[in-house]
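Hello,

Here is the structure I promised to hand over. My notes on what turned up follow below it.

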Amino acid sequence: MASALSEASPAAAGDLKIVQDATCTFCGCVCDDIDLTVKDNHIIEAKRACVLGKAWFLNHHIDERPSCLIKGQPASLEEGYELAAELLTAAKYPIVYGLSDSPCEAQRVAVSIVDWISGTIDTTTSVCHGPSGMAFQGVGEVTCTLGEVANRGDLIMFWGSNPAESHPRHFTKYSLMPKGMFLPNGRKDRTCVIVDVRRTKSAKAADIFIQIKPRQDFEALWTLRALAKGIELDAQDVLKQTGVEMAVWQDLMARMKACKFGVIFFGMGLTMTRGKHCNSEALLALTRDMNAYTRFVAKPNRGHGNVTGADNVVAWRTGYAFGVNHARGYPRFNPGEYTTSDTLARGEADCAMMIACDPMANFSQPAREHLATIPLVTLDTKETPTTRAATVAFTVATYGINTGGTVYRMDDVPIPLRPAFDSPHPSDFDVLTNIEQRVKDRLGITA
Ligand code: SF4
């Protein structure tokens, strides 16, 4: 990857450096209009960033740990690369996991390593929108960019998603407030419907808030599918199943049919509740059904800055977005079998490389207990419970702040990074490229 600073072209203002149109990678909105003011390798202002984005930029500091630790002791990068390659090539069931906070260039190299070592690759998608990834394979996705939503979306629905807290600029930059080409009055030209099991902070922004019974999303979505097709339903049964009066669903369906451009953004409130991928399938199928009447699209509200990039890169390298096993020399996809929390909890994996993720803090007890017993390579910008457990721990530069590259916004649009200042630590791209070369050397691959 080229030098981050050479890509940034920052404007100098006295001893301050201004980086215009920097990209925030804190959440899936990937806002690329942030003006950073940098002084003495410290970001002192992040213009236009939301509260989460400001915390991401302003609290950034270079980690003072060595770039490489082996069993907790400082080591050279060369020693780290060699040992990482040795561990990965010696393993019978190596796994690589994480990737949602790395640029696409690094993700691509990680997939290559897994391919060489016949390992299993998985991303944090498997613990958030994995069910949607399965549903996309089964139903397909009627979709669009966030630019189209801003310019055309006149009925904006959120299902099991709370962007007011998770994606603070979602409403203002993309979905509710912008004045668009076909919506000259912005918010006044749009109707916002929020469906959730509880009244979240986002509910305040809704014209219509529909509170459904917990764990009944599937039934609620199939109620709408039935209404879309004109199928007669028992009102008492609908109320019992969904917790919402039939008249409310009928009114919503009338609005959905009457709008010019409908959008459903959905979140983990849908994908991680009872029904999981069946819920995502129901929502995607409803969206597809609505296109018999009007233009309608659906988009998952993605969390991590480049989790969408991880889905794209793993999919264009293997055909599947996450949970992919290469043990037979070709990719096989099977969530539950090849997803990392499962391979660890069953004690199958015998070596792991964790990239920008912290499974020791958030996986199940059996998974964490097994991870603690196997050789572990980590790449992270900061110290975490996972890096502390590592055999080889690389401290890497922060993408978007110290290094360049490409990330995918939640609508699958690639966005370039414009970093602010350099880091003494290598990028994850550099580390992975060096490990890949040594893996190939050990396997006698000259290509
Ligand atoms: S909405 Fe997300 S990407 Fe945009 S500034 Fe806030 S945290 Fe960063």
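Of the 447 residues of the protein, 55% count as buried (under 20% relative accessible area; exposed is over 50%, partly exposed in between; 1.4 Å probe, protein chains only). This is a predicted model, so local features need pLDDT of at least 70 and side-chain atom pairs count only at pLDDT 80 or more, while totals for chains, interfaces and linings use all residues. Residues are numbered from 1 along each chain as its sequence is written, and side-chain values use heavy atoms, with hydrogens and water left out.

**Overall fold**

The protein has 19 helices and 20 strands. Both are DSSP runs numbered from the N terminus: helices are H or I with at least four residues, strands are E with at least two. The radius of gyration is 23 Å, which agrees with the value near 22 Å for a compact globule of 447 residues. That radius is taken over C-alpha atoms, and the globule rule is 2.2 Å times the number of residues to the power 0.38. The C-alpha trace spans about 70 × 55 × 35 Å along its principal axes.

**Strand β17**

β17 covers residues 376–380, and 5 of its 5 residues are buried. Leu376, Thr378 and Asp380 point one way; Val377 and Leu379 point the other way. Such alternation between the two faces of the sheet is what side chains do in a regular strand.

β17 has parallel partners. Strand β16 (residues 351–355) joins it through 4 bridges, with Ala352 partnered to Leu376. Strand β18 (residues 392–395) also pairs with β17 over 4 bridges, and there Asp380 stands opposite Thr395. Pairing requires that DSSP finds at least two bridges between the strands.

**Cavities**

There are 2 cavities of 30 Å³ or more. A cavity is a set of points on a 1 Å grid over the protein atoms alone where a 1.4 Å probe fits but cannot get out; lining residues have an atom within 4 Å of a point. Points are joined across faces, edges and corners, and a volume is the space filled by probe spheres set on them.

- The largest holds about 90 Å³. Of its 14 lining residues, Cys24, Cys27, Cys31, Cys50 and Arg169 lie nearest the centre. The lining divides into 11 nonpolar, 2 polar and 1 charged.
- The second largest holds about 40 Å³. Its lining includes His60, His61, Asp63, Thr381 and His425. The split here is 3 nonpolar, 7 polar and 1 charged.

For these classes, Ala, Val, Leu, Ile, Met, Phe, Trp, Tyr, Cys and Pro count as nonpolar, Asp, Glu, Lys and Arg as charged, and the others, Gly among them, as polar.

Best wishes

Methods:
On a 1 Å grid over the protein atoms alone, a cavity is a set of points where a 1.4 Å probe fits but cannot get out, and a pocket is an open set with protein on both sides within 12 Å along at least five of seven lines; lining residues have an atom within 4 Å of a point.
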